[in-house]
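Here is a short briefing to read beside the model. It goes topic by topic.

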Amino acid sequence: MGTGLAIVLVFVGCCSNVVSLELLVRQFPGCGNIVTFAQFVFIALEGFIFETNFGKKKPAIPLRNYVIMVTMFFTVSVINNYALNFNIAMPLHMIFRSGSLIANMILGIIILKKRYSASKYLSVALISAGIFICTIMSARQMNVGNEGSEEQGFYALMHWLIGIGMLTFALLMSARMGIFQETLYKQYGKHSKEALFYNHCLPLPGFLLFSTDIYNHCVYFSHSTPTVVPVVGLTVPIMWLYLMINVITQYVCIRGVFILTTECTSLTVTLVVTLRKFLSLIFSIMYFQNPFTTWHWVGTAVVFLGTLLYTEVWSSVRAALRGPDVKEKKAE
């Protein structure tokens with residue numbers, strides 16, 4: 001029952017979150033900071049009440065370790081959302097972030113001295129190729145869409161490349177954070193809800209660096225078109241409604257993933273999250289009419305094929321078809 005509920009929460013919460021984020025970005029492309037800040041405040045407040053019991057519960061993992069983790073988490077979250085200011089389309093944003101397996105493998109080899117099977121290297125090569133195809137096609141669209149002067153086209157392309165560089169950096173930083181988190185959990189045990197709270201609470205002072213931008217977008221949001229909230233009947237500016245939906249759905253998505261990690265294998269979690277990303281991408285393209293060429297579809301298919309190969313879904317399916325008497329060999 002818990003697993004089924006978690007899968008529903010992940011699909012409904014995360015897909016709705018992508019829709020609300022696209023609605024926000026289409027109106028105000030530079031709203032990444034206020035979105036990130038609102039998400040952090042909501043999750044930190046919920047954790048302060050229900051996880052720490054208003055600060056009475058001491059953390060199981062020392063705070064100094066959380067400070068390191070939080071610095072990385074805050075950097076990744078801000079850069080991922082801020083990259084949308086650099087003409088990064090939502091579909092490309094989602095595809096690029098699907099390349100986390102590449103970063104995890106690279107850093108795993110360098111830092112943890114891990115060795116992987118040939119199928120793992122093949123899957124990462126497929127994911128890299130898929131992301132490369134989508135990125136190149138998006139770069140060509142940038143050139144076509146800026147048919148003004150050569151100088152304007154060059155400036156737009158460089159602006160876009162800065163966004164790609166930010167996403168690449170965030171991808172590597174996120175993988176490094178995952179390795180650090182893995183070592184902490186091995187030493188102190190799993191405390192996912194506690195980590196969720198501190199990862200969102202401790203970075204809040206860092207948003208003072210973006211206070212002017214956040215305040216300006218508060219003003220912009222307040223001057224947006226008024227709309228009536230269903231059921232409640234309250235009239236609010238529509239951008240604040242979109243932001244509220246985004247924050248709530250982000251929390252629902254994170255809670256769903258948390259339940260999955262406690263009740264399912266990592267394979268199941270990865271598969272569910274991958275399928276969720278694919279459905280979010282399809283919905284974003286169809287509903288918002290985002291530009292997506294045949295080559296984009298080829299790149300997307302290659303990315304998800306590589307992801308499924310990495311998670312060894314095919315081996316699990318074959319084992320299930322053979323029957324319960326046949327034990328699947330564990331990969332090293």
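The points below run from the overall fold to single residues.

This is a predicted model. The protein has 332 residues, and 45% of them are buried. Its secondary structure comes to 13 helices and two strands. Among contacts with a separation of 6 or more, 80% join residues 24 or more positions apart.

**Disulfide and cysteines**

- The structure holds one disulfide.
- Cys 14 and Cys 253 form this bond, with their sulfur atoms 1.6 Å apart.
- The bond links distant parts of the chain. Cys 14 sits in helix H1 (residues 2-27), and Cys 253 sits in helix H10 (residues 238-263). The two cysteines are 239 residues apart.
- Which hand does the disulfide of Cys 14 and Cys 253 have? The torsion about the S-S bond is about 60°, so the disulfide is right-handed.
- Both Cys 14 and Cys 253 are buried.
- Cys 15 is in no disulfide. The nearest cysteine sulfur to Cys 15 belongs to Cys 14 and is 7.0 Å away.
- Cys 218 has a relative accessible area of 25%. The range for partly exposed runs from 20% to 50%, so Cys 218 counts as partly exposed.

**Helix H2 against helix H9**

- Helix H2 covers residues 32-50, and helix H9 covers residues 211-222.
- Their axes come within 8 Å and cross at roughly 95°.
- That angle falls between 65 and 115 degrees, so H2 is roughly perpendicular to H9.
- From H2, the contact uses Asn 33, Ile 34 and Phe 37. From H9, it uses Asp 213, Ile 214, His 217, Cys 218 and Phe 221.
- By class, five residues of this contact are nonpolar, two are polar and one is charged.
- A general point on helices helps in reading such lists. An α-helix has 3.6 residues a turn, so residues three or four places apart point the same way.

**Helix H4**

- Helix H4 spans residues 90-97.
- How many of the eight residues of helix H4 are buried? Seven are, so the helix is largely enclosed by the rest of the structure.
- The buried residues are Met 90, Pro 91, Leu 92, His 93, Met 94, Ile 95 and Phe 96.

**Aromatic pairs**

- A search of the whole structure finds 14 aromatic pairs.
- One of these pairs is Phe 48 with Phe 54. The arrangement is edge-to-face, at 5.8 Å centre to centre with 85° between the planes.
- Phe 48 is partly exposed, at 33% relative accessibility. Phe 54 is also partly exposed, with a relative accessible area of 49%.
- Phe 197 and Tyr 198 form another edge-to-face pair. Their ring centres lie 4.8 Å apart, and the planes meet at 70°.
- Are Phe 197 and Tyr 198 buried or exposed? Phe 197 is buried, at 6% relative accessibility. Tyr 198 is buried too, with a relative accessible area of 9%.
- Phe 37, Phe 40, Phe 73, Phe 74 and Phe 207 form one aromatic cluster. Phe 37 also takes part in the contact of H2 with H9.

**Residues with positive phi**

- Most residues other than glycine have a negative phi.
- Asn 53 is not a glycine, yet its phi is positive, about 55°. Asn 53 lies in the loop between H2 and helix H3 (63-82).
- Asn 53 is partly exposed, with a relative accessible area of 41%.
- Val 231 also has a positive phi, near 75°. Val 231 lies in the loop between strand S1 (226-228) and strand S2 (235-237).
- The relative accessible area of Val 231 is 90%. Exposed means over 50%, so Val 231 counts as exposed.

**Met 158**

- Met 158 lies in helix H7 (residues 150-188).
- Met 158 is partly exposed, with a relative accessible area of 37%.
- How far apart in space are Met 158 and Phe 86? From C-alpha to C-alpha they are 9.3 Å apart, with their positions 72 residues apart in sequence.

Methods:
Residues are numbered from 1 along each chain as its sequence is written. This is a predicted model: local features need pLDDT of at least 70, side-chain atom pairs count only at pLDDT 80 or more; totals for chains, interfaces and linings use all residues. Side-chain values use heavy atoms; hydrogens and water are left out. Buried means under 20% relative accessible area, exposed over 50%, partly exposed in between (1.4 Å probe, protein chains only). Helices (H or I, at least four residues) and strands (E, at least two) are DSSP runs, numbered from the N terminus. Rings of Phe, Tyr and Trp (its six-membered ring) pair if their centres lie within 6.5 Å; planes under 30 degrees apart count as stacked, over 60 as edge-to-face and the rest as tilted. Axes are lines fitted to C-alpha atoms, for helices over the stretch in contact, and angles run from 0 to 180 degrees between N-to-C directions. Angles under 35 degrees count as roughly parallel, over 145 as roughly antiparallel, 65 to 115 as roughly perpendicular and the rest as oblique. Contact means heavy atoms within 4.5 Å. Ala, Val, Leu, Ile, Met, Phe, Trp, Tyr, Cys and Pro count as nonpolar, Asp, Glu, Lys and Arg as charged, and the others, Gly among them, as polar. A disulfide is a pair of cysteine sulfur atoms within 2.5 Å.
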